[in-house]
Amino acid sequence: MELNIETMSLSDLKQIKSILEERLLKKEKWMNSERGRNYEEYCRRELIYHNDENHSKLKRVNQRIEDYINVV
């Protein structure tokens with residue numbers, strides 16, 4: 001099922017954003033769990049984390065929320 005971000009309400013977008021941020025927080029903890037123990041694994045996980053942190057879907061959701069706020 002593909003959701004159309006353009007037609008979603010602000011509350012739906014905020015819910016999606018919170019879900020994405022929760023998953024990102026879990027991945028950040030996963031990445032940091034190797035800090036100081038296994039440098040190579042930490043670096044590998046850091047790349048994965050930053051790819052998700054800068055993911056286009058999260059950026060689109062954030063931009064859409066800002067657009068709603070600017071309209072109001």
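# Notebook: a pocket, a core and a few side chains

**Entry 1, the pocket.** I began with the second largest pocket, and I found L20, R23, L24, K27, D52, H55, K57 and L58 along its lining. Two elements, α1 and α3 (56–71), each give two or more residues to that lining. I asked myself which element gives the largest share of the lining. It is α1, with four residues. A note to keep in mind for everything below: I am reading a predicted model.

I then looked up the volume of this second largest pocket, and it comes to about 200 Å³. Sorting the lining by character gave me three nonpolar residues, one polar and four charged.

**Entry 2, the core.** Next I went looking for the largest nonpolar core. Five residues make it up: L24, M31, Y42, Y49 and L58. Here α1 and α2 are the elements that give two or more residues. I was pleased to meet L24 and L58 again, since both are named in the pocket lining and both belong to this core.

So what does L24 touch, once residues up to four places away in sequence are set aside? I noted Y49, D52, E53 and L58. Of these, Y49 and L58 are fellow members of the core, while D52 is on the list of pocket-lining residues.

**Entry 3, E34.** I moved on to the loop between α1 (10–32) and α2 (39–53), where E34 sits. Is E34 buried or exposed? Its relative accessibility is 12%, and buried means under 20%, so E34 counts as buried. The side chain of E34 has a polar contact with the side chain of R37, at 3.1 Å. Beyond its neighbours within four places in sequence, I found E34 in contact with E41, Y42 and R45. Y42 is a name I already had from the core.

**Entry 4, R45.** That contact sent me to R45, which is part of helix α2. R45 counts as buried because its relative accessibility is 12%. I asked which side chain makes a polar contact with the side chain of R45. The partner is S33, at 3.1 Å. Leaving out residues up to four places away in sequence, R45 touches W30, M31, S33 and E34. M31 on that list is a member of the largest nonpolar core, and E34 is the loop residue from my previous entry.

**Entry 5, N32.** While I was in this stretch I also checked N32, which is in helix α1. N32 has 30% relative accessibility, so it counts as partly exposed. Between the C-alpha atoms of N32 and C43 I noted 9.8 Å, with 11 residues separating the two along the chain.

**Entry 6, D12 and V61.** I turned to D12, another residue of helix α1. With a relative accessible area of 33%, D12 is partly exposed. Its side chain is joined to the side chain of S9 by a polar contact of 3.2 Å.

I then looked at what D12 pairs with at long range in sequence. I65 is 53 residues away along the chain, and the C-alpha atoms of D12 and I65 are 9.9 Å apart. V61 is 49 residues from D12 along the chain, with 10.0 Å between their C-alpha atoms.

V61 itself is in helix α3. Is V61 buried or exposed? At 2% relative accessibility, V61 counts as buried.

**Entry 7, V71.** I finished with V71, also placed in helix α3. V71 has a relative accessibility of 73%, and the cut-off for exposed is over 50%, so V71 counts as exposed. How far apart in space are V71 and R44? From C-alpha to C-alpha I get 41 Å, although the two are 27 residues apart in sequence.

Definitions and conventions. Residues are numbered from 1 along each chain as its sequence is written. This is a predicted model: local features need pLDDT of at least 70, side-chain atom pairs count only at pLDDT 80 or more; totals for chains, interfaces and linings use all residues. Side-chain values use heavy atoms; hydrogens and water are left out. Buried means under 20% relative accessible area, exposed over 50%, partly exposed in between (1.4 Å probe, protein chains only). A polar contact is a pair of N or O atoms within 3.5 Å; within protein, one must be able to donate a hydrogen and the other to accept it, and residues adjacent in sequence count only if both atoms are side-chain atoms. Contact means heavy atoms within 4.5 Å. A nonpolar core is a set of buried Ala, Val, Leu, Ile, Met, Phe, Trp, Tyr and Cys residues joined through side-chain atoms within 4.5 Å. On a 1 Å grid over the protein atoms alone, a cavity is a set of points where a 1.4 Å probe fits but cannot get out, and a pocket is an open set with protein on both sides within 12 Å along at least five of seven lines; lining residues have an atom within 4 Å of a point. Grid points are joined across faces, edges and corners, and a volume is the space filled by probe spheres set on the points. Ala, Val, Leu, Ile, Met, Phe, Trp, Tyr, Cys and Pro count as nonpolar, Asp, Glu, Lys and Arg as charged, and the others, Gly among them, as polar.
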